[in-house]
Amino acid sequence: MEPPAVRAPAAPGSVRLVDRLLAAGTFFAVLAVTARLGGRLDAAGTLPLALWLGALLLTRRRWPLAVLLLSVQAVVAFRTAGLTDAGWVWPVSAAYAALAADDRPGRPGLPWAAGIGLAELAFAGAWETSAGGSTPREALGSLGTEALWLAVLLAAATAYRNRLRWRAELDERLLQAARERDLEAGQRIAEARLDIARELHDVVGHTLTVVGLQLRVAAEALDDSPDEARSALATAQQVRAEALRDLHALVHVLRAPGEDPQTPAAGVFEIAALVDRMRSPELDIRLETAGDLTAVPAPVSLAVHRIVQEALTNTARHAQASQAEVGIRCGDGQVEVSIADDGRTTAQPPRRAGHGIRGMDERVRALGGRLRAGPHAQGEGWLVRAAIPVPGFHP
């Protein structure tokens, strides 16, 4: 886990204002509390001490430890010289709090503040019972109150420092969560782009192949069989219209990702029409189905359609085959689809990243299935076989 981000420093104007307020507050507090407790307000004692303690606080942000040491040294010097009878710890409260609340890396402020406070109280106790003329009972009563005040002060400063650290950690976690959400969104966008690219490849490749086959049939039959030529041209026109519809739906997804577009109507029930369009005098295609096709979920139905479409397109383009068989079986918790032809194995298309066989494999794997594409094991030809699981599907 990354360390909490360092908070940005406050604006210079606000820093100067807070420091000045603390300095002025310390100056007036030393004078007011000394007067309230019946102490002396000498111009050569308490007044310069209050000025000195307030002035040091103007640099507390840069040198908090030095400010505390100099402040304690000033109190000890004024008290032992008899120039003031102010307290030992409470005049330096702001300096103790500033050091204890310092949460910057490499600044162990709390241990230093506690150590300096204990050392000051120990020195004060020894001086009060020796040079100050106080009895141990009187010294204990006077310094016990200041010790309690020091403990409360350090506890409050520690709580404030921990709160600052908690806020910094919370900000870091929120920032990390935002980064993770952005990363997940980027991954989803990349996956969506891959799906759209795969759809475009399948639609365009299939359309060009079928239209090319039908145009060749029309050209060959134009003189001898005009009816057959017109039928081929009508099929080409139909395939072109369906391709335009599918492309329109895909472009709609790109332009309006937040809306619910009309997705291309492709599924297992359109495979029969697909086979009829792909069938030609040079390539006879047979289709066999088994099981309840209506129970196939839409994502699996679309994947089966695209697998058959891509496999037959490759057969028509590259295999130089005369026959092809398409089989779809629904049962035993999965949908099985196979496309086999009798073409030349060496003429089959190579594996190319993002297209063809790899595109079919990505479709199947995305649904938790498996795909095999390669030479037919029982002789010449090419075989594409896929099995896609459908949990809870037992037609």
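Which residue forms a salt bridge with Glu 362? Arg 358 does, and the closest N and O atoms of the two are 3.5 Å apart. Keep in mind that you are looking at a predicted model. We'll come back to this pair, but let's get the overall picture in place before going into side chains.

The protein chain has 395 residues, and buried ones make up 41% of them. Its secondary structure comes to 10 helices and 5 strands. If you take the contacts between residues at least 6 apart in sequence, 69% of them join residues at least 24 apart. On the outside, the chain exposes about 22,000 Å², with carbon and sulfur atoms supplying 59% of that area.

Now pick out helix α5, which runs over residues 109-130. From its first C-alpha to its last, this 22-residue helix reaches 32 Å, close to the 32 Å expected at 1.5 Å a residue. Quite a few of its residues are buried, among them Ile 116, Leu 121 and Trp 127. The buried set also takes in two glutamates, Glu 120 and Glu 128, along with glycines such as Gly 109, Gly 117 and Gly 125. As you read along the helix, it helps to remember that an α-helix has 3.6 residues a turn, so residues three or four places apart point the same way.

Helix α6 (residues 136-221) offers something else to look at, since Trp 149 is found there. Together with Leu 148 and Val 152, Trp 149 makes a nonpolar surface patch of about 310 Å². Trp 149 counts as partly exposed because its relative accessibility is 40%, which falls between the 20% and 50% cut-offs.

Next come the charges. Side chains of opposite charge can pair when their charged atoms come close. A search of the whole structure turns up 6 salt bridges. One of them brings together the side chains of Glu 325 and Arg 286, at 2.4 Å from N to O. Glu 325 sits in strand β2 (residues 323-331) and Arg 286 in strand β1 (residues 284-290), so this pair ties together parts that are 39 residues apart in sequence. Both ends are partly exposed: Glu 325 has a relative accessible area of 41%, and Arg 286 has 43%. Elsewhere, Asp 276, Arg 279 and Asp 284 are linked in a network of salt bridges.

Back to the opening pair. Arg 358 and Glu 362 both lie in helix α10 (residues 356-366), 4 residues apart, or about one turn of the helix. Arg 358 is partly exposed, with a relative accessible area of 43%. Helix α10 holds another pair with that spacing, Asp 361 and Arg 365, which are also 4 residues apart. Their closest N and O atoms are 2.8 Å apart, and the two residues form a salt bridge. How do its two ends compare, buried or exposed? Asp 361 counts as buried because its relative accessibility is 19%, under the 20% cut-off. Arg 365, at 59%, counts as exposed.

One last stop is Ala 319, in helix α9 (residues 298-319). Ala 319 is buried, with a relative accessible area of 0%. Its C-alpha is separated by 8.0 Å from that of Asp 341, a residue 22 places away along the chain.

Definitions and conventions: Residues are numbered from 1 along each chain as its sequence is written. This is a predicted model: local features need pLDDT of at least 70, side-chain atom pairs count only at pLDDT 80 or more; totals for chains, interfaces and linings use all residues. Side-chain values use heavy atoms; hydrogens and water are left out. The expected span of a helix is 1.5 Å times one less than its number of residues. Buried means under 20% relative accessible area, exposed over 50%, partly exposed in between (1.4 Å probe, protein chains only). Patches are made of residues with over 30% relative accessible area and no salt bridge: like charges are joined within 9 Å, nonpolar side chains (Val, Leu, Ile, Met, Phe, Trp, Tyr) within 5 Å. Accessible areas come from the Shrake-Rupley method with a 1.4 Å probe; for residues, only the protein chains shown count as cover. A salt bridge is a side-chain nitrogen of Lys or Arg within 4 Å of a carboxyl oxygen of Asp or Glu. Contact means heavy atoms within 4.5 Å.
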